[in-house]
Amino acid sequence: MAKILVTGGAGFIGSAVVRHLILNTEHQVVNLDKLTYAGNLESLSSVSDNTRYAFEQVDICDAAEVKRVFNTYQPDLIMHLAAESHVDRSIDGPGDFIQTNLVGTFTLLEQARAYFQTLNADRQANFRFHHISTDEVYGDLPHPEEQSGVLPLFTEKTAYAPSSPYSASKAGSDHLVRAWQRTFGLPSLITNCSNNYGPYHFPEKLIPLMILNALDSKPLPVYGKGNQIRDWLYVEDHARALVLVALEGKIGETYNIGGHNEKQNIEVVHTICDLLDELRPKSQGSYRDQITTVKDRPGHDMRYAIDASKIHQELGWKPQETFETGIRATVQWYLDNLEWCKHVQDGSYQRERLGG
Ligand code: NAD
């Protein structure tokens, strides 16, 4: 049984990792999260009473607090997910992304390095720092509308070419982790994953935004032609992959994680509309009638797609959900959990944790 420190465990993917660890393993979990707008403790209500779970409201940029958490809980494994994660927000205001994704990761690495030096040889041999990152660090790939034939995929050897302040800050954090591994011998692993979707996704992101706008009779805004391609992965498949890499991956290695589900954004929006037409029909017409186009995001990457053969061949991971099963489960989850959505939309998820 390991003691696992998860940073960003109140976020979308972090909360899936925490739920997976508490509900399906015997490991102990400490969730270290600042609770920014993206952190939502209601996503952890199914596990928060478990005696193997603890929560610390801490900013990863706060070295003294991070040190206190390391010394108090004595973790064997760090899974670092805390980040500013929304591309559009990084364009409107990159400062928080530099602070959390770069300065925060640096602070965490420095505290992990100091803590690692306090461990005895046995515990050092088992210690791991797992940095969770994105495929957006690789920039974008040729799009089928501009190139024919077999199109390339991102592999672990693809050169970094980030486009947005978000992906640039994540790329920088990946480089820091590799440097701390190589220069200081901090035993580290990195994963780069494609776009996730699933339950508890903050409604600013494409899929939940479309579901909730559709139900609220609001426009469904699609960037440009909607032909940008993303490789979608169900969040619980990602959580399983992360725990597998964290516990069994080879130190110093990078693993790409993806769902082999390349879809144009407009196809995703159509699928959501069609599922809602089936599961929650409107009195008249289709949810597709609400689709509107908006000016494209500056610097928008056209295509992401992951070659996940390394994690499959070396660790035996593959996704359990297809896009068709995962998106159906997701739409159904939002229909069944409108209360969770309402608390996010009216801000009460933040007021409650402040005791107000
Ligand atoms: P999220 O925005 O939903 O959650 C981020 C969490 O980090 C929140 O709980 C927030 O409170 C916390 N946090 C932010 N700043 C912090 C700080 N300074 N100190 C402590 N906690 C802080 O993000 P997500 O979608 O769950 O992504 C998690 C990680 O996975 C990120 O590192 C992201 O880059 C990576 N990733 C995300 C995707 C995706 O599709 N969402 C895909 C690949 C990789």
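Reader: What makes the shell around the ligand 13 nonpolar, 13 polar and five charged residues?

Author: In this predicted model, the shell residues are sorted by class, and because Gly counts among the polar residues and Ala among the nonpolar ones, Gly8 and Gly11 go to the polar class while Ala38 and Ala83 go to the nonpolar class. Sorted in this way, the shell comes to 13 nonpolar, 13 polar and five charged residues.

Reader: How do you know which residues surround the ligand?

Author: A residue is taken as near the ligand if its C-beta atom, placed from the backbone, lies within 6 Å of it, and 31 residues surround the ligand, with Gly8, Gly11, Ala38, Gly39 and Ala83 as the closest. The elements α1 (12–24), α4 (95–117) and β5 (128–134) each supply at least two residues of that shell.

Reader: Why is Leu206 in helix α7 called buried?

Author: The word requires that 20 or more other C-beta atoms lie within 10 Å of the residue's own, and Leu206 is listed as buried in α7, together with Ile207, Pro208, Met210, Ile211 and Ala214. These buried residues pack against β7 (196–197), β8 (220–223), α9 (265–279) and α11 (323–336), and α7 is followed by Ser217, whose phi is positive, near 60°. Of the 356 residues of the protein, 46% count as buried.

Reader: How do you know whether the radius of gyration agrees with that of a compact globule?

Author: For 356 residues the globule rule gives a value near 21 Å, and the protein has 20 Å, so the two agree.

Conventions: Residues are numbered from 1 along each chain as its sequence is written. This is a predicted model: local features need pLDDT of at least 70, side-chain atom pairs count only at pLDDT 80 or more; totals for chains, interfaces and linings use all residues. The radius of gyration is taken over C-alpha atoms; the globule rule is 2.2 Å times the number of residues to the power 0.38. A residue is buried if 20 or more other C-beta atoms lie within 10 Å of its own, exposed if 12 or fewer, and partly exposed in between; C-beta atoms are placed from the backbone. Helices (H or I, at least four residues) and strands (E, at least two) are DSSP runs, numbered from the N terminus. Two residues are in contact if their C-beta atoms, placed from the backbone, lie within 7 Å.
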